[in-house]
Amino acid sequence: MKTIPAQEIKRCGLSALDKDLKEGAVHVIKNNRPQYVVLSQERYQEFLAAEEEAHYARVRESLEDVKAGRVRRGSAKDLIKELGLED
């Protein structure tokens, strides 16, 4: 991943990122540490779509577990007991 000092952005403006963003995300370095990640709008939308799809996949898997009977109902107290976390 490319990096750019925050001072460079301060000096040149956001145009300092244009070239590097064509190659992917850019870390912005502030006080000698990575502080921010800048993405193109297209890449950001891809991340959001992937995150949403992963969420829906987890929900679908959970529903399949319920339908297949791999889920048991109980109270928090039952779970604590089953995990051996009682005093």
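Mentor: Let's start with a definition: a residue counts as exposed when its relative accessible area is over 50%, as buried when it is under 20%, and as partly exposed in between. Keep in mind that we are reading a predicted model.

Trainee: Thanks! Does that make L85 buried or exposed?

Mentor: L85 has 57% relative accessibility, so it counts as exposed. Look for L85 in the segment that follows α4 (76-82).

Trainee: Which residues make a nonpolar surface patch with L85?

Mentor: L79, I80 and L83 join L85 there, and the patch covers about 390 Å².

Trainee: And how should I read the inside of a protein?

Mentor: In soluble globular proteins, nonpolar side chains tend to be buried together. Here, the largest nonpolar core consists of six residues, namely I4, I9, A16, L17, V26 and V28.

Trainee: Which residues does V26 touch, leaving out those up to four places away in sequence?

Mentor: Its partners on that count are M1, K2, T3, I4, L17, D20, L21, Y36, V37 and V38. I4 and L17 also belong to the core.

Trainee: D20 is on that list of V26 contacts. What is there to say about its charge?

Mentor: With a buried charged residue, look for a partner of opposite charge. D20 sits in helix α2 (residues 18-21). D20 is buried but has no salt bridge, and the nearest side chain of opposite charge, that of K2, is 4.3 Å away. A salt bridge requires a nitrogen and a carboxyl oxygen within 4 Å, so this pair does not qualify. Still, D20 touches K2, along with T3 and V26, when residues up to four places away in sequence are not counted.

Trainee: With which residue does K2 form a salt bridge?

Mentor: With E23; their closest N and O atoms are 3.5 Å apart. K2 belongs to strand β1 (residues 2-5) and E23 to the loop between α2 and β2 (26-30), so the pair ties together parts that are 21 residues apart in sequence. K2 is partly exposed at 35% relative accessible area, while E23 is exposed at 55%.

Trainee: How many salt bridges does the structure hold?

Mentor: Six. Among them is the one between E8 and R11, at 2.9 Å from N to O. These two are three residues apart in helix α1 (residues 6-12), which means about one helical turn separates them. E8 is partly exposed at 25%, and R11 is exposed at 61%.

Trainee: Could you show me one more?

Mentor: Gladly! R70 and D65 meet at 2.8 Å, N to O. R70 is exposed at 57%, whereas D65 is partly exposed at 28%.

Notes
Residues numbered from 1 in each chain as written. Predicted model: local features only at pLDDT ≥ 70, side-chain atom pairs only at ≥ 80, totals over all residues. Heavy atoms only, no water. Core = buried A, V, L, I, M, F, W, Y, C linked by side-chain atoms within 4.5 Å. Buried < 20%, exposed > 50% of the residue type's maximum accessible area, 1.4 Å probe, protein only. Contact = heavy atoms within 4.5 Å. Patch = residues over 30% accessible without salt bridge, like charges linked within 9 Å, V, L, I, M, F, W, Y side chains within 5 Å. Areas by Shrake-Rupley, 256 points an atom, 1.4 Å probe, with all protein chains shown as cover. Helix = DSSP H or I, 4+ residues; strand = E, 2+ residues; numbered from the N terminus. Lys, Arg positive; Asp, Glu negative; His and termini not counted.
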